[in-house]
Amino acid sequence: MHGRVKVRSSEEQDRARKKERDDKASAYKTVMAQIFNKRESGCLDDECLSLTREVLCVNPEIATLWNYRREIFVERQANMSDEEFSLLCCKELNLLESCLRVNPKAYCVWLSRQWILLHCPQADWVREKGLCDKLLNYDERNFHCWDHRRFVIQQSHCVSVNQELSFTYDKIASNFSNYSAWHYRSQLLPLVHPSSGSPSDDGGLVSGDALAKEHELAQNAFFTDPDDQSAWFYHRWLLGEVRCLDSVDMVYLQVSSQPKLVISFNQPLNVHQRLCITMDGEIVCEIVCEGEWPTTLYQTTLPTLPSTINISFDQQNISLSPRCLLTTVLLMQSLDPVKYSPLIQHMTSRLCQVDPLRKSYYTDLMSRFMLRQALRVSTHLTALDLSGMGLTRLEHTQYLLPYERLDLSGNALRCLPPTLICPALTRLILDDNHLVALPHIQAPLQHLSLTNNYIAELEAIKEALKSLLTLQVLCLQGNPLCSQGKPLLQDMLRAIVPGLVELTL
């Protein structure tokens, strides 16, 4: 501990402490062996509860033992009256509370507590809410306790949503750097102040008056501590609070011997949502979504903001706070990315300088913006040139569907999406990047160039090459892989891709 003088211990004291640790470890192993033997034999008696309790009081983070105790409780519930089982549950809740004193952030303890409360015939939800109050007074940023509090309120309805919103305000007022309180507030606002549907509410989930007050609350947090991230994240949620209805973002129809129809939605479809496609008044097909729509065909929606918003930038003040600078960049991207493009690039470069620990995040942000800009201004219907743009990630791949030729050379791509679906792509240039492997590509590729990358092993590209049945030209020079014996490597590559006409190593 700080401020304490380090006192050298004698060899005898070291030996005594070592013996004590060894004795504890031996006893722990013995008890654990007994517990696992009992569980393996299907034993569910009181001794099992006693042994597991003994271990959990010392180390409450053994999820297996909590699972074993739940198995015992399931058996007891079937053979006990409600009064007897409620008494057993109360004892278990006391054990869980003592374990929380040992470690208030143990996942398995909180999960076990919720399980007991759901199965207890006479759960005391008011007392449980009081326990959350005490723990949050001790540590107001314990997100485990915040999650448990939401669970308690949802199950019991012992507190109104208005009271909970006031509770989050009190916690934020005492400490602005409270992610959990801000997050909980974002969930409660649409319930307490729902949108009236009037034009002034701009189609959002929260009323305009409430949003204005929340902006003022976030601004107070900025002025108190401009470098704290929590209020800035909440402010970003306020700016992007508007939600659009599910809609079709893009439809691509490939006309060939086997026509393909690809649809991109602006949001994932809901579970069991049905999509009916009609052409000329006739139903072409029906799609029933059994889960979420693949994220590869997902388009993020931007907030709808009034056209009268004016923004002025104070470069001196903005540069002092990375959070303020980042929020400004995101806001400009939402308002008019074409108009503010030079300023967005300048501020993102400035972010990399003033906040180098998050440089990779900012470069990915800039990469995403540059890709959107290139796709927006592209006029060629079959070829797309994205070379030399400093791209670090390849996103929005649904917009690459129509292109036959794609040039991604001269960027900083470290990897590609796990699966790249381009049904029309025949030529792909990936020269001068940082690639170490090649993903699965679903495309009728004939020409693939990977010159001057960091591919060192054949296994890193083998499976991808196997799937490229129409590949005729392959360029790999400038990769560490080519430093191996070229004749042997050439034979191996031709065995993987039998249709190769031209191979450059």
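This is a short talk on one protein chain, covering its overall make-up, one helix and its cysteines.

Okay, so first off, keep in mind that this is a predicted model. The chain has 505 residues, and 43% of them are buried. You'll find 17 helices and twelve strands in there. If you take the contacts with a separation of 6 or more, 49% of them join residues 24 or more positions apart. As for the surface, the chain exposes about 28,000 Å², with carbon and sulfur atoms supplying 53% of that.

Now let's zoom in on helix 14. That's residues 341-354, so 14 residues, and from first C-alpha to last it reaches 20 Å, close to the 20 Å expected at 1.5 Å a residue. Which of its residues are buried? Those would be S341, I344, M347, T348, L351 and C352. They sit on the same side of helix 14, because they cover an arc of only 150° around the axis. And that spacing is familiar: an α-helix has 3.6 residues a turn, so residues three or four places apart point the same way. Over on the other side of helix 14, P342 and Q353 are exposed.

Last thing, the cysteines. How many disulfides do we get? Zero. Take C120: the closest cysteine sulfur is in C89, 4.3 Å from its own, and a disulfide needs the pair within 2.5 Å, so that's too far for a bond. C120 counts as buried, by the way, at 8% relative accessibility. Then there's C158, whose sulfur is 9.3 Å from the closest cysteine sulfur, in C132, so again too far for a bond. C158 is partly exposed, with a relative accessible area of 32%.

Technical notes. Residues are numbered from 1 along each chain as its sequence is written. This is a predicted model: local features need pLDDT of at least 70, side-chain atom pairs count only at pLDDT 80 or more; totals for chains, interfaces and linings use all residues. Side-chain values use heavy atoms; hydrogens and water are left out. Helices (H or I, at least four residues) and strands (E, at least two) are DSSP runs, numbered from the N terminus. Buried means under 20% relative accessible area, exposed over 50%, partly exposed in between (1.4 Å probe, protein chains only). Contact means heavy atoms within 4.5 Å. Accessible areas come from the Shrake-Rupley method with a 1.4 Å probe; for residues, only the protein chains shown count as cover. The expected span of a helix is 1.5 Å times one less than its number of residues. The arc is that of the directions from the helix axis to the C-beta atoms.
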